[in-house]
Amino acid sequence: MNQTKNQSIADLRIDYSQASLSEADSAADPITQFGKWFDEAIRAEVPEANAMSLATVGSNGRPSSRIVLIKQFDEHGFTWFTNFESRKGHELSEHPYAALLFHWVGLERQVRIEGRVERVSESESDAYFHSRPLRSRLGAIASAQSQTIASRDLLETEYAKAEQKFGDNPPRPDHWGGYRLLPDTVEFWQGRRSRLHDRILYTLDAAGNWQRQRLQP
Ligand SMILES: Cc1cc2nc3c(=O)[nH]c(=O)nc-3n(C[C@H](O)[C@H](O)[C@H](O)COP(=O)(O)O)c2cc1C
């Protein structure tokens, strides 16, 4: 039974053929290139095009990953929001480097982004926190993200307490805010026929300029 199942999983494959990416048609810097692909993912209605895997490494050297939502990107970096006391928060305190990964399935595209991570300013975290729906703001207060809790009921109780205490104007908790990854390498992968995919790697050189190279698939 398992053998049959494994066999059929092994047979799952797609020959990618939708598009290509060359040195000539990629932008001179990866933020512009990312913006172009991100817009195309939104226009193509890729489900949750703003969802990315975030990989971190703690002091024990073991990687961990999870999905978060990108909230902003520009020449300063890629930003998401979370709980600073979560597992990822602790790992980023111990080791302030991370890897982001987007997989836009419908477009046969992957983007890998790596670099150093810092917290965004208090005012940026405040601005984003206060732009969130009330229930999300209360949820951020109620949840000690990544810590164990005895039951769902207790979590709901914490939410009700936050609601009672803060009404419809909850303050941003100190343990909640944004991180920004400052990229030093960004790789764009476009699936191609016969597994001869296009891979364009951008690397930031010592002078702060982006260099572009093609990688073998
Ligand atoms: C589609 C999706 C979007 C998510 N977005 C976020 C987010 O923006 N911020 C966040 O803290 N967690 C987000 N999560 C939850 C995380 O994947 C994760 O469960 C949580 O942050 C705790 O991770 P940690 O224990 O490794 O710190 C999202 C999960 C999914 C599936």
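A polar contact is taken here as a pair of N or O atoms within 3.5 Å, and with that cut-off in mind the tour of this predicted model can begin at the ligand.

**Stop one: the ligand and its polar contacts**

Select the ligand together with Ile67, and you will find an oxygen atom of the ligand 2.7 Å from a polar backbone atom of Ile67. Moving on to Phe81, look for a nitrogen atom of the ligand, which is 3.0 Å from a polar backbone atom of that residue. Then show the side chain of Ser86, where a polar atom lies 3.3 Å from an oxygen atom of the ligand. If you display surfaces at this point, bear in mind that the ligand taken alone exposes 620 Å², of which the protein buries 64%.

**Stop two: the shell around the ligand**

Now widen the selection to the residues that surround the ligand, among them Arg66, Val68, Leu69, Thr82, Arg87, Lys88 and Gln145. Colouring this shell by residue class shows four nonpolar, four polar and four charged residues. With the secondary structure switched on, you can see that strand E2 (63-69), strand E4 (77-83) and helix H3 (87-94) each supply at least two residues of the shell, and that E2 gives the most, with four residues.

**Stop three: two loop residues of the shell**

Glu48 and Ser146 both belong to the residues surrounding the ligand, and each deserves a look at its backbone. Most residues other than glycine have a negative phi. Glu48, however, has a positive phi of about 45°, and you will find it in the loop between helix H2 (30-43) and strand E1 (51-57). Ser146 sits in the loop between helix H5 (134-142) and helix H6 (152-166), and its phi, near 80°, is likewise positive. Are these residues buried or exposed, when only the protein chains count as cover? Exposed means over 50% relative accessible area, so Glu48, at 59%, counts as exposed, and Ser146, at 51%, counts as exposed because it too passes that cut-off.

**Stop four: Ser125 in helix H4**

Next select Ser125, which lies in helix H4 (residues 122-131) and is buried, with a relative accessible area of 1%. Which residues does Ser125 touch, leaving aside those up to four places away in sequence? Display Phe81, Val120, Arg172, Trp176, Gly177 and Gly178 to see these contacts; Phe81 will be familiar from the ligand, since it is one of the residues in the surrounding shell.

**Stop five: strands E5, E6 and E7**

Turn to strand E5 (residues 97-104) and strand E6 (residues 109-119), which run antiparallel and are joined by eight bridges. Within this pairing, select Phe102 and follow it across to its bridge partner in E6, Val111. The two strands form a hairpin with four residues between them, and Glu108 in the turn has a positive phi of about 60°. On from there, E6 also pairs with strand E7 (residues 176-190), in the antiparallel sense and over 11 bridges, and here Gly115 stands opposite Pro183 in E7.

**Stop six: strands E8 and E9**

Finish at strand E8 (residues 198-204) and strand E9 (residues 210-214), an antiparallel pair with five bridges. Selecting Leu201 leads you to its bridge partner in E9, Gln213. Here the hairpin has five residues between its strands, and the turn contains Gly208, whose phi is positive at about 85°.

Conventions: Residues numbered from 1 in each chain as written. Predicted model: local features only at pLDDT ≥ 70, side-chain atom pairs only at ≥ 80, totals over all residues. Heavy atoms only, no water. Pairing = 2+ DSSP bridges. Buried < 20%, exposed > 50% of the residue type's maximum accessible area, 1.4 Å probe, protein only. Near = heavy atom within 4 Å. Polar contact = N/O pair within 3.5 Å; in protein donor to acceptor, adjacent residues only side chain to side chain. Areas by Shrake-Rupley, 256 points an atom, 1.4 Å probe, with all protein chains shown as cover. Nonpolar A, V, L, I, M, F, W, Y, C, P; charged D, E, K, R; others polar. Contact = heavy atoms within 4.5 Å.
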